[in-house]
Amino acid sequence: MTTASAAAVKPSTPGTPTARLFNFSAGPGCLPEEVLQQIREDVWNIGGSGIGILEHSHRGKTFDKVLGEAVEDFRRISGLPKDFHVLFLTGGATTQNFMIPANLKAQDQTADYITTGYWAEKALEHARIYGPVHEAATSKDRNHCYIPADSATRFSPAAAYVHFCSNNTIFGTEWHETDASGAANWRQRIPKVPAGVPVICDMSSDIYSRPVDFSRFDLVYAGAQKNLGAAGTTVVVVRDALVNRKVRELPWMLQYATFAKDESRPNTPPVFAIYVCGLVFKWILRQAQGGRHCLDVIAERNLRKAGQIYDSIDRSGGFYRGHADAAARSLMNITFKCPTPELDDRFCKEAAAAGLDGLKGHRSTGGMRASAYNAMPEAGCKALADFMREFARRNG
Ligand SMILES: Cc1ncc(COP(=O)(O)O)c(C=O)c1O
């Protein structure tokens, strides 16, 4: 294996730690290089203001512009309908596990959860504090290697909402539509919920990795540190009708209504994380090519990227075993194993030495996990796919 490390090493800047690796970490994940370069400038002096982004008042004109553009650009990417708010909250995606039931479900009302992985299970557990919850479907019988069919999902009669997670970061499964033969066609599938029941989705690890039609959802949340920016903020996209649902008394800072009214800054917001999101949104918009929508271009690239790695699994003669069923394979997090745990360890060590970092799988699945978020270049996935072939040849 000669090419991966050479391809991975980027030009270094004198006086700074040198080479950059291909970072396959599940999150915080890699960021687009042009975004990182812009951050380097703006931390010193943003927009010729003479002050860096970290030092500007969150109520000043510079940050007004950063926040205003971030919201507008987020809306433009997906043509977000007008009756949705875009909020930047703190506390991570995990905080949504309790904010959602606290704001949207009365104590005697049931909420439905589809548990397709660790984070979806956590969301259900946290919601119990606020009264009954119902597990409408689960994939835990096979260690979350698939997405349950609508026919296997049992909704409760009058749920406050249905919650699901569109991409299961740890297990490497994702909700896709399938064609008549059962093969994934990679378009976003959402559960067929009873009419009038709000659909809530944890989209932390696949938001804006492919086209998304927000009009089919009522609340979507995503920790920024995978596809949207840096750790420190969670983007919540919520329909106005839900923002004003009042089911119990809550502290002011736990209410969506507070953040909607004060445009995400009732107090000092995570200014840097919001600023990074803004840069990433502009980067997403710049991916549009030849009259094609930016998310179509990104989705095709993600398909090619993940396709190279899945090919190396499928053509390894059984050396690699993928965790996810074929129709549920994630384009963002690709989970696989070598024939033994010792080989998994060797794989991770040799890959790291070859400039391919962050591949160790989560303890629930073992093996490896390659996270190929939007900012991972195609060259990174090619380098990993080449490395996998060569490793299997040497160890198979
Ligand atoms: C799908 C999903 N949901 C929720 C979380 C939790 O995010 P946070 O650490 O921002 O609370 C993660 C983190 O990896 C995730 O992948």
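The largest nonpolar core of this predicted model contains 74 residues, and V235 and C277 are the residues with the most contacts inside it. Helix α8, spanning residues 271–286, supplies the largest share of this core, with eleven residues. Because domain 1 (47–286) and domain 2 (291–395) both give residues to the core, it lies between them. A picture of this kind fits a familiar trend: in soluble globular proteins, nonpolar side chains tend to be buried together.

V235 is a good place to start exploring. Setting aside residues within four places in sequence, V235 is in contact with V86, F88, Y221, A222, A224, L228 and C277. Apart from the largest core lies another one, made of 34 residues, including I309, L356, Y373 and L384.

One of the partners of V235, F88, deserves a closer look. F88 sits in strand β2, which covers residues 84–89, and it counts as buried because 26 C-beta neighbours fall inside 10 Å. Beyond four places in sequence, F88 touches T233, V235, S264, P269, P270 and I274. F88 also shows how the fold brings together remote parts of the chain: A273 is 185 residues away in sequence, yet the two C-alpha atoms are 9.1 Å apart.

P270, one of the residues touched by F88, is placed in the loop between α7 (256–261) and α8. With 21 C-beta neighbours inside 10 Å, and 20 being enough for the label, P270 counts as buried. Its contacts outside the four-residue sequence window are F88, T90, G232 and T233. D150, by comparison, is 120 residues from P270 along the chain, and 39 Å separate their C-alpha atoms.

Helix α8 also packs with another helix. Two packed helices are described by the angle between their axes and the distance between the axes. For α2 (residues 33–44) and α8, the axes come within 10 Å and cross at roughly 140°, which makes α2 oblique to α8. The crossing in which α2 passes α8 is right-handed. On the α2 side, E34, V35, Q38 and I39 take part, and they meet V276, L279, V280 and W283 of α8.

Turning to the domains, the assignment gives domain 1 as 47–286 and domain 2 as 291–395. Their centres, taken over C-alpha atoms, are separated by 26 Å. Contacts between them involve 28 residues of domain 1 and 25 residues of domain 2. On the side of domain 1 that touches domain 2, the elements giving two or more residues are β7 (173–174), β8 (176–178), β9 (184–188) and α8.

A few backbone details are worth a visit in the structure viewer. Most residues other than glycine have a negative phi, and most peptide bonds are trans. The peptide bond from G27 to P28, however, is cis, with omega near -5°; P28 lies in the loop between β1 (22–23) and α2. N143 has a positive phi of about 45° although it is not a glycine. This residue, N143, is found in the loop between β4 (133–138) and β5 (162–165), and it counts as exposed because it has 12 C-beta neighbours inside 10 Å. E263, likewise a residue other than glycine, has a positive phi near 45°. E263 belongs to the loop between α7 and α8, and its 16 other C-beta atoms within 10 Å make it partly exposed.

Technical notes:
Residues are numbered from 1 along each chain as its sequence is written. This is a predicted model: local features need pLDDT of at least 70, side-chain atom pairs count only at pLDDT 80 or more; totals for chains, interfaces and linings use all residues. A nonpolar core is a set of buried Ala, Val, Leu, Ile, Met, Phe, Trp, Tyr and Cys residues joined through C-beta atoms within 7 Å. Helices (H or I, at least four residues) and strands (E, at least two) are DSSP runs, numbered from the N terminus. Domain bounds come from an automatic or database domain assignment. Two residues are in contact if their C-beta atoms, placed from the backbone, lie within 7 Å. Axes are lines fitted to C-alpha atoms, for helices over the stretch in contact, and angles run from 0 to 180 degrees between N-to-C directions. Angles under 35 degrees count as roughly parallel, over 145 as roughly antiparallel, 65 to 115 as roughly perpendicular and the rest as oblique. A crossing is left-handed if the near helix is turned anticlockwise from the far one by less than a right angle, and right-handed if clockwise.
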